[in-house]
Amino acid sequence: MLGLLRPLLLLLLLPPPGSPEPPGLAQLSPGAPPQAPDLLYADGLRAYAAGAWAPAVALLREALRSQAALRSRLDCGASCAAEPGAALPAVLLGAPEPDSGPEPTQGSWEQQLLRAALRRADCLTQCAARRLGPGGAARLRVVRALRDAFRRREPYNYLQRAYYQLKKLDLAAAAAHTFFVANPMHLQMREDMAKYRRMSGVQPQSFRDLETPPHWAVYDTSLELLGRQEAGLALPRLEEALQGSLAQMESCRADCEGPEEQQGAEEEEEDGAGSQGGLYEAIAGHWVRVLQCRQRCVEEMATRPGRSFPVPDFLPSQLRRLHEAHAQVGNLSQAIENVLSVLLFYPEDEAAKEALNQYQAQLGEPRPGLGPREDIQRFILRSLGEKRQLYYAMEHLGTSFRDPDPWTPAALIPEALREKLREDQEKRPWDHEPPKPKPLTYWKDVLLLEGVTLTQDSRQLNGSERAVLDGLLTPAECGVLLQLAKDAAGAGARSGYRGRRSPHTPHERFEGLTVLKAAKLARSGTVGSQGAKLLLEVSERVRTLTQAYFSPERPLHLSFTHLVCRSAIEGEQEQRMDLSHPVHADNCVLDPDTGECWREPPAYTYRDYSGLLYLNDDFQGGDLFFTEPNALTVTARVRPRCGRLVAFSSGGENPHGVWAVTRGRRCALALWHTWAPEHREQEWLEAKELLQESEEELEEEEEEEMPSKDPSPEPPSRRHQGVRDKAGKPPRVREEL
């Protein structure tokens, strides 16, 4: 019954038809306690699926409001901490007791601790009931999957479509922009945003972010002003951004005190802080998880929406800009205060010490009481106190802790942990600069091809069984294969797709050449034999490499080899929205709605590994990209270049597509491999035999035309020197394939 009443109630809250919508996503029911976000969200999606756009908007907006209302622990926590008797005993905080009396006994501090905890819990419960209604936060608790959906701003994806159906284009654009900020690689939203920009009823100011924390907008404005050398105007915004950053972090820290079960079993195992069954072990385990969460708030506060990594040293960098701006306008006292705050993070920072000496010299006589900012002092002292406890738990309780701050003093870390942390730091994935490519000889102790380097592995490509390798072709070899493709296309030879303009898009011209077709063209003299031989040799080179990297214990066979060129058709690229090759998987039928990939016809189910060896990069667009199983969210992209191989397993774990080629001609060698010998590429074997026959016939002709003074047979090493192909060029010495 409640499920039926909820949509009816929210329908009554909608503004009358034709009335202006409130700016943004304002609260629909002022003063009313929030409802369960998960139920509202589910009802909103059902309404959306049924095409009931107005109820869908109301339900989704109320779900967003209710989810935001759950973040009220900050206010409750601050007010309850000030309640009489709710403060922790000073001895537990490391502070001296007010009166220098005898040391507290074990029972006394336990009673003080538990009494304070009970009073604080009672206060928080009553506060939550006043703010959230009967039952407080427990009534509105949501599962982790839903919290992640709100963190990814998924409700805004549905809101923008519902608003579009209701003809509220400005709000549709705002919702689309809000979702896109947090999901910048979402392909469908990228297209929707482009469509909104072309609509006459949508103004530029409609594209506003309804969720980004305020400190980011103010921070960006201050950077723009500093770039224009307007330090006086930038100063108040820099200060506002710093205060907003600290406030955002406090809100995050307050959320860390939420119910213990929200952390999830997986995090408990990862953090190594699971409950051991006893009273003190359980208290310690929960407390360690809270401290770990609080420390991560520094990264959350410093991470822009839609970004994967935080801005490095975000707080110290803001303080540096503040002291420099204050110095520019002559506020030397404030400049000293902020540069001293920088030195709290980095006491040996030479630039900060030099600036401090300069400011003090300009100020003249010393000012008593001039020191670092109190808010920064409090932050650092509190953070260092939490780090000490976490390192103690690491050393003695076996928990884990990844310190998010580069400024943590080395002396704070227990000596027994320093070597281990140093080793872990070396193993961490690169964040700021790519790893140095390692020679192929370093992987799996296999010596294969000199000069080939592993550029990116699965971890760096955000997936499984993916790799990017460079150096498989020299520029000269790329030129030979490009000429082969050009000569074959010039002769009207197309294979693989029966000469259609393009199998995937009408805006590109598609040319394909199989190894057997190349061998036949070389036999007839239409193309040079050097290119056809190299095509065979390179395909075997890729197969050997793919097997060594992905399947060293099980032989791989080539199942299909295709030299493919895609050319942009002039005059058809403006405002183009399609892809050169839509998202797909190579051995199964991808169902983006369910995330499933069905390994059944018409898919080539016997394909096990795929490879793309690029021949050029002198074109626009054409990057390969991998996506999530939804075929929308991009997880990695690779820019083609001569000799670069992208190899990956062919299943549903690697959906991929190709961005539109909007200018020029993109050529690559596409290869598929199989474990099944019965699906070995027979055309490849035929092409090899055909080219060998052609070579033997050519050698016989050369021998007949060149009379020998010596009746003895010519040594094989000299025989190749006299061979020429139809183009008059010496052929590449054939290696065993």
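**Helix packing and disulfides**

User: How do α12 and α15 lie to each other, roughly parallel or roughly antiparallel?
Analyst: α12 and α15 are roughly antiparallel to each other. Angles over 145 degrees earn that label, under 35 is roughly parallel, 65 to 115 roughly perpendicular, and the rest oblique.

User: Where does this model come from?
Analyst: This is a predicted model, with pLDDT of at least 70 needed for local features and 80 or more for side-chain atom pairs, while totals for chains, interfaces and linings use all residues. Residues are numbered from 1 along each chain as its sequence is written, and side-chain values use heavy atoms, without hydrogens or water.

User: Back to the helices. At what angle do α12 and α15 pack?
Analyst: The angle is about 155°. The axes of α12 and α15 are 9 Å apart. α15 covers residues 314-328. Helices here are DSSP runs (H or I, at least four residues; strands are E, at least two).

User: Which residues of α12 make the contact?
Analyst: Among them are Ala231, Leu235, Leu238 and Met249 of α12. Across from α12, the α15 side includes Phe314, Leu315, Leu322 and His326. Contact means heavy atoms within 4.5 Å.

User: New topic. How many disulfides does the structure hold?
Analyst: The structure holds five disulfides (cysteine sulfur pairs within 2.5 Å). In one of them, cysteine 252 is joined to cysteine 297, S to S 2.0 Å.

User: Which parts does the pair of cysteine 252 and cysteine 297 tie together?
Analyst: Cysteine 252 sits in helix α12, residues 231-255, and cysteine 297 in helix α14, residues 279-301, so the pair ties together parts 45 residues apart in sequence. The link of cysteine 252 and cysteine 297 is left-handed, with -80° about the S-S bond.

User: Are cysteine 252 and cysteine 297 buried or exposed?
Analyst: Both cysteine 252 and cysteine 297 are buried. That means under 20% relative accessible area; exposed is over 50%, partly exposed in between (1.4 Å probe, protein chains only).

User: What do cysteine 256 and cysteine 293 form?
Analyst: Cysteine 256 and cysteine 293 form a disulfide, with sulfur atoms 2.0 Å apart. Cysteine 256 is in the loop between α12 and α13 (265-271), and cysteine 293 is in helix α14, 37 residues apart. The torsion about their S-S bond is about -75°, so this disulfide is left-handed. Cysteine 256 and cysteine 293 are buried.

User: And the link of cysteine 588 and cysteine 597, left-handed or right-handed?
Analyst: The link of cysteine 588 and cysteine 597 is right-handed, with 90° about the S-S bond. Their S to S distance is 2.0 Å. Cysteine 588 has 5% relative accessibility, so cysteine 588 counts as buried.

Technical notes
Axes are lines fitted to C-alpha atoms, for helices over the stretch in contact, and angles run from 0 to 180 degrees between N-to-C directions.
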